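Open the model in your viewer and keep the sequence panel in sight. This tour gives a selection at each stop and then says what is there.

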Amino acid sequence: MSEASTSYEMQVKNDRDKPALAAGKIFYNPGVIEEETDETSVLDSSMVESPRVEYRGTFLRPPTLSPSSASLHRVPTYSSSIGYSTVYRQDTCRNRSHRHGASRRTRRRAILKNGECNILKSRISQRRMRFLQDMFTTLVDAQWRWTLLVFTLSFILSWLGFALIWWLIAFTHGDLEDDHLPEMQEANNWKPCVFNIHDFTSCFLFSIETQHTIGYGSRTTTEECPEAIFIMCLQSIVGVMIQAFMVGIVFAKMTRPKHRTQTLLFSKYAVVCQRDGELCLMFRVGDLRKSHIIGASVRAQLIRSRTTKEGELLSHYQTELELNADGCDSNLFFIWPITMVHRINAESPFYGVSAADVLQERFEIVVILEGTIESTGQTTQARSSYTTSEVMWGHRFAPLVSYNRERQGYEVDYSKFDETSQVDTPLCSAKELDEFYGNQADRKSIESTEHLVLKPPPRAADSPAPPTTPATPALKAEQRNGDFTVTL
């Protein structure tokens with residue numbers, strides 16, 4: 001007998017020893033489902049792969065069992081509802097945190113956890129020219145060291161450039177000759193373009209005083225040189241433009257709405273559990289500041305591979321996920337942390353995904369929070385994402401809002417922001433769950449119809465048979481296409 005057959009028989013024996021499950025009981029406390037970062041197959045020594053099993057409805061059933069069996073088999077975390085082979089574990093008391101016996105797959109993030117886009121652009125034609133044409137946005141988006149470097153160089157180069165112009169004006173006019181220096185000007189009756197100009201250093205100091213309208217009073221222009229008057233006006237205009245441009249860049253960089261996202265939180269994990277009888281994908285959003293986000297709205301998109309009917313592979317196909325919070329749409333009254341809920345129904349792309357399939361598929365859920373900052377009136381956008389390794393099946397977020405009687409207000413405990421607890425959750429997909437509950441409802445309706453068939457009460461062996469009356473109509477139960485009908 002092979003090792004696979006021995007393992008299978010042991011599993012069947014354990015299932016027979018367990019008490020029978022109630023009708024519709026397909027719940028299981030799975031623990032944390034995690035995913036490795038490598039893509040290799042990791043086999044556990046306590047597990048063997050069983051022969052192919054038959055797939056029926058919302059659970060996996062060994063082929064030797066009758067289809068009419070009333071008991072249901074639990075779907076373990078390490079089984080798959082897509083593949084028709086399952087892996088049985090001999091030691092059921094071991095940790096169920098990891099899924100052994102299957103290849104671990106992970107998807108590289110498009111959006112990092114801090115909201116940055118993991119996008120690298122290459123081979124852009126005329127890239128420098130395109131970025132220089134929008135210099136303001138380029139400097140605002142640049143890192144602080146480059147912005148401060150441009151800020152400093154813009155002033156220093158403008159001072160040096162106009163200092164050179166002032167030196168040329170003084171040199172061509174003859175103000176730098178030995179007989180025309182400031183000490184000899186009064187004796188030689190010489191009137192320069194600019195008073196108190198000795199060399200290039202004096203021209204540099206005069207350039208700074210002119211551009212920033214410092215006006216120490218020792219160096220001034222005269223009406224002797226019209227070109228000096230023109231350059232003084234031009235430098236004053238250029239200086240104001242440089243100051244306005246650079247101050248605007250620094251101010252815009254310091255007050256960017258992007259910084260507001262540092263106080264907007266997304267939960268580290270997304271969870272899947274039941275809410276009001278439906279499987280739901282949930283994550284939590286929160287705001288640390290007292291100033292609220294006005295008109296806050298949350299969106300979610302699923303990024304996964306998709307093949308079209310024509311065979312075209314769309315490796316980064318985006319699907320919008322419908323979200324709501326506490327019975328409302330995605331527009332939030334954002335005064336405390338809120339759990340966003342995506343109901344996994346027939347319109348959801350997760351309708352056919354089970355707990356085991358989460359570890360086998362590659363997808364990324366990108367969540368986006370948008371709104372207007374109350375204090376500045378600017379629009380901000382915070383982003384995050386969840387990969388397959390960050391989806392916890394069978395968990396629920398812990399409550400974190402309570403009323404503080406001492407402080408007379410609602411208190412939010414952010415230490416519980418990422419805290420979750422395990423709950424009983426079906427491991428099958430929402431589609432299989434709907435099919436199972438639908439079959440159970442049909443079965444109950446058939447059983448209730450069987451009670452309508454009237455049977456005569458039992459009588460003793462020596463009691464005479466009741467007389468039959470021809471006028472009394474007889475009740476007849478017929479079964480047509482699986483439905484019981486009672487006719488007169």
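Select residues 331-332, which form strand β11, together with strand β9: the two pair in the antiparallel sense over 2 bridges. The model is a predicted one. To see this pairing at the level of residues, pick A296 and look for its bridge partner in β11, which is L332.

Stay on β9, residues 293-307, and add strand β13, residues 363-373. These strands run antiparallel, and 10 bridges join them. Pick S297 here; its bridge partner in β13 is E370.

Now select residues 313-321, strand β10. How many bridges does β10 share with β9? There are 7, again in the antiparallel sense. For an example, pick A300 and find L321 of β10 standing opposite.

Next, go to the stretch that links these two strands. β9 and β10 form a hairpin with 5 residues between the strands. Select G311 in this hairpin and check its backbone: G311 takes a positive phi near 90°.

While the strands are on screen, show the side chains as sticks. In a regular strand, side chains alternate between the two faces of the sheet.

For the last stop, select residues 278-287, strand β8, and pick L279 within it. Is L279 buried or exposed? Its relative accessibility is 1%, so L279 counts as buried, the cut-off for buried being under 20%. Finally, add V341 and draw a distance between the two C-alpha atoms: L279 and V341 are 62 residues apart along the chain, and their C-alpha atoms are separated by 9.9 Å.

Methods. Residues numbered from 1 in each chain as written. Predicted model: local features only at pLDDT ≥ 70, side-chain atom pairs only at ≥ 80, totals over all residues. Heavy atoms only, no water. Helix = DSSP H or I, 4+ residues; strand = E, 2+ residues; numbered from the N terminus. Buried < 20%, exposed > 50% of the residue type's maximum accessible area, 1.4 Å probe, protein only. Pairing = 2+ DSSP bridges.
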